[in-house]
Amino acid sequence: MSEKALAFFCVPKLNFKLSGVNALRTKITLACTDCKQRNYNTTKDKKAHPDRMEAKKYCRFCNSHTTHKETK
Ligand SMILES: [Zn+2]
């Protein structure tokens with residue numbers, strides 16, 4: 001296994017040790033429901049939000065605050 005691949009596999013373990021509870025957080029993308037642009041990358045606690053999240057956020061394409069939904 002190359003050094004690079006080894007480092008890749010070690011990172012999640014390191015994060016788990018350092019952040020504890022935050023290790024449960026999942027990366028999600030929030031997309032504007034009006035123009036479908038993916039404007040935000042964020043994380044969520046899957047235990048607190050098992051379903052798709054929604055949030056009112058600023059969309060620079062719509063030039064206003066719109067509902068953003070979690071997308072894959
Ligand atoms: Zn938009």
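**A four-stranded antiparallel sheet and its hairpins**

Strand 1 and strand 2 form a hairpin with 5 residues between them, and Lys36 in the turn has a positive phi of about 70°. Strands here are DSSP runs of E with at least two residues, numbered from the N terminus, and two strands pair if DSSP finds at least two bridges between them. This is a predicted model, in which local features need pLDDT of at least 70 and side-chain atom pairs count only at pLDDT 80 or more, whereas totals for chains, interfaces and linings use all residues. Residues are numbered from 1 along each chain as its sequence is written.

User: In which loop is Lys36 found, and is Lys36 buried or exposed?

Analyst: Lys36 lies in the loop between strand 1 (25–32) and strand 2 (38–45). A residue is buried if 20 or more other C-beta atoms, placed from the backbone, lie within 10 Å of its own, exposed if 12 or fewer, and partly exposed in between. Because Lys36 has 10 other C-beta atoms within 10 Å, Lys36 is exposed.

User: Which residue takes a positive phi in the hairpin of strand 3 and strand 4?

Analyst: This hairpin has 4 residues between strand 3 and strand 4. The residue in question sits in the loop between strand 3 (54–59) and strand 4 (64–71), and it counts as exposed, with 8 C-beta neighbours inside 10 Å. Its phi is about 60° although it is not a glycine. The residue is Asn63.

User: What is the order of the strands in the sheet?

Analyst: Strands of a sheet pair through backbone hydrogen bonds, either parallel or antiparallel. Here, 7 bridges join strand 1 to strand 2, 4 bridges join strand 1 to strand 4, and 6 bridges join strand 3 to strand 4. The pairing is antiparallel, and the open sheet of 4 strands has the order 2-1-4-3.

User: Which strands stand at the edges of the sheet?

Analyst: In the order 2-1-4-3, each edge strand has a single partner strand, so one side of each is left without a neighbour in the sheet. The twist averages 40° from one strand to the next, with angles on a scale from 0 to 180 degrees between the N-to-C directions of axes fitted as lines to C-alpha atoms. The strands at the edges are strand 2 and strand 3.

User: Which residues are the bridge partners of Leu30 in strand 2 and in strand 4?

Analyst: Strand 1 is joined by bridges to strand 2 and to strand 4. Other bridges include Thr26 with Lys44 in strand 2 and Ala31 with Lys69 in strand 4. For Leu30, the partner in strand 2 is Tyr40, and the partner in strand 4 is Glu70.

User: What distance separates the C-alpha atoms of Lys72 and Leu30?

Analyst: Lys72 belongs to the segment after strand 4. Lys72 counts as exposed because it has 6 C-beta neighbours inside 10 Å. Lys72 and Leu30 are 42 residues apart along the chain, and their C-alpha atoms are separated by 8.7 Å.

User: Which residue in strand 4 is the bridge partner of Ala55?

Analyst: Strand 3 and strand 4 run antiparallel and are joined by 6 bridges. In strand 4, the bridge partner of Ala55 is His68.
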